[in-house]
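Here are a few exercises to work through with the model open beside you. Try each one yourself before reading the solution.

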Amino acid sequence: MIERTLFREEHDMWRETVRRFVEKEIVPFHDQWEKEGVVPRSLWLKAGEQGMLCCTVPTEYGGLGLDYLFDVILFEELWKVGASAPGFLIHTDLVATYLLSHGTPEQKAYWLPKMISGEAIGSLGMTEPHAGSDLKAIRTKAVREGDEFVINGQKVFISNGQSCDILVLATKTDSAAGAKGVTLFIVEGDRTGFKRGRNLEKLGMKGQDTSELFFENVRIPASNMLGEEGGGFGVMMSKLPQERLAQAIRSATVTETVIQWTVDYTAERRAFDQTIADFQNTQFVLADLKARSVMARVFTDKCIELFMHGKLDPVTAAMAKMTTSELHCEAVDKCLQLFGGWGYIWEYPICRAYADARIVKIAGGSIEVMKMIISREMFKGRLKGRPTA
């Protein structure tokens, strides 16, 4: 198979460190976290002690100042064992990068060390009951009153919502200005009027807390603004390629993993005096998935390389997210089928992988939005519709 060429010796050493941490501190407890619907704070602190949170944050803020591949390795090792509970991706890949790119010196100096240590858990508040992929349609309002802003509204499907200490919140500061009326703020988890609703019961990813959030006259200082007033939509759009790349990395990794699980299972499981792997159908299904998983991996790794050089454009990121997430869902479905009845039992990893997979066609922008982005580039200047993020 095509060898991955992104990683150097120090990355391989880091992978071994991460793998040991995952096997010791996460795998034995993951079932319990799925029952409880949340990961304990002790895990965040342990991960912080081991330097596994926000690896790319510069040393001046207490980080390791490593390259993006160190974060990639952490995410891959979690997904290889089906550890969907820890919300490290949102914390590290989104909230910390928002702060690094657009935070004031004071915001970065205060929050980043706490996020690196695991003392402060980060979350991103964008989606609303009536505004998912269409972020311009959000209704949560922030109204200036002197040196403060007063926030009212609600969010839904917020990962780390029950646990977060720092929330990067998307609001409307000018309801008549469309995208130019969107502004981001940092909202502390203990602000008066900030209320956490129920921890939502989901199809999959049951251990990762996902919440409704409510804002009732939440007062924050103007200094909590992240970036420029009215510049929030542009900030969010600038981070979408990275978010969609993370989804592609996840899907490429899980696809490879479930194929290997299925090879191992079908080579041992017997039916009609032969193994399941002896049937031509099994071989053909897995051969087809394997070939496409290799192509997905090569394309995803190329996108990682482009991102690290500042060259990953939104259309290419949309292609990666769309193709890998569709393959991901197809792979878990076909592989579960080859497990037979055992594939439908929750204690089998393939069953949990099947339930966890469905969100990948929605998170980071739905498949339909990805197709719109790609097709609008193909027909640039020839379509009458408005551009879509």
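**Exercise 1.** Which residues of H8 are buried?

*Solution.* Keep in mind that this is a predicted model. Start with the cut-off: a residue counts as buried when its relative accessible area is under 20%. Going along H8 with that in hand, you collect Thr 282, Val 285, Leu 286, Leu 289, Ser 293, Val 294, Ala 296, Arg 297, Thr 300, Asp 301, Cys 303 and Ile 304. Next, ask what those side chains are up against: the buried residues of H8 pack against helix H4 (68-80), helix H7 (232-268) and helix H9 (314-339). Now think about spacing. An α-helix has 3.6 residues a turn, so residues three or four places apart point the same way.

**Exercise 2.** Find the distance between the end C-alpha atoms of H8 and compare it with the span you'd expect.

*Solution.* H8 has 29 residues, and at 1.5 Å a residue they should span 42 Å. The end C-alpha atoms are 42 Å apart, so the two values agree. Then step just past the helix, where Gly 310 takes a positive phi of about 70 degrees.

**Exercise 3.** Work out how Asp 288 and Arg 292 are placed to form a salt bridge.

*Solution.* First the distance: the closest N and O atoms of this pair are 2.7 Å apart, and the cut-off for a salt bridge is 4 Å. Then the position: both residues sit in helix H8 (residues 280-308), four residues apart, so about one helical turn separates them. Finally the exposure: Asp 288 is partly exposed at 36% relative accessibility, and Arg 292 is partly exposed too, at 26%. While you're on salt bridges, trace the network in which shared partners join Arg 4, Arg 15, Glu 16, Arg 19, Glu 76, Glu 77, Lys 80, Glu 256, Arg 297 and Asp 301. Two of its members, Arg 297 and Asp 301, are among the buried residues of H8 you listed earlier.

**Exercise 4.** Take two more of the 27 salt bridges in the structure and describe the surroundings of each partner.

*Solution.* Begin with Arg 8 and Glu 10, whose closest N and O atoms are 2.7 Å apart. Arg 8 is partly exposed at 43%, and Glu 10 is partly exposed at 36%. Now go to Glu 212 and Arg 198, which meet at 3.3 Å, N to O. This pair links distant parts of the chain, with Glu 212 in strand S7 (residues 210-221) and Arg 198 in strand S6 (residues 194-199), 14 residues apart. Glu 212 counts as buried at 17%, whereas Arg 198 is exposed at 54%.

**Exercise 5.** Is Glu 25 buried or exposed, and what does it touch?

*Solution.* Locate Glu 25 in helix H1 (residues 9-25). Its relative accessibility is 14%, so Glu 25 counts as buried. Leaving out residues up to four places away in sequence, Glu 25 touches Trp 33, Leu 43 and Lys 46. With Lys 46 there is also a side-chain polar contact of 3.2 Å.

**Exercise 6.** Which element gives the most to the lining of the largest pocket?

*Solution.* The largest pocket holds about 1200 Å³ of space and is lined by 48 residues. Nearest its centre lie Phe 157, Ser 159, Ile 359, Ala 363 and Gly 364. The elements giving two or more residues are H4, helix H5 (88-102), strand S1 (122-125), strand S3 (148-159), H7 and helix H10 (349-357). H7 comes out on top, with seven residues.

Definitions and conventions: Residues numbered from 1 in each chain as written. Predicted model: local features only at pLDDT ≥ 70, side-chain atom pairs only at ≥ 80, totals over all residues. Heavy atoms only, no water. Salt bridge = Lys/Arg side-chain N within 4 Å of Asp/Glu carboxyl O. Buried < 20%, exposed > 50% of the residue type's maximum accessible area, 1.4 Å probe, protein only. Polar contact = N/O pair within 3.5 Å; in protein donor to acceptor, adjacent residues only side chain to side chain. Contact = heavy atoms within 4.5 Å. Expected span 1.5 Å × (residues − 1). 1 Å grid on protein atoms, 1.4 Å probe; cavity = no way out; pocket = protein on both sides within 12 Å on 5 of 7 lines; lining within 4 Å. Points joined across faces, edges and corners; volume = space filled by probe spheres on them.
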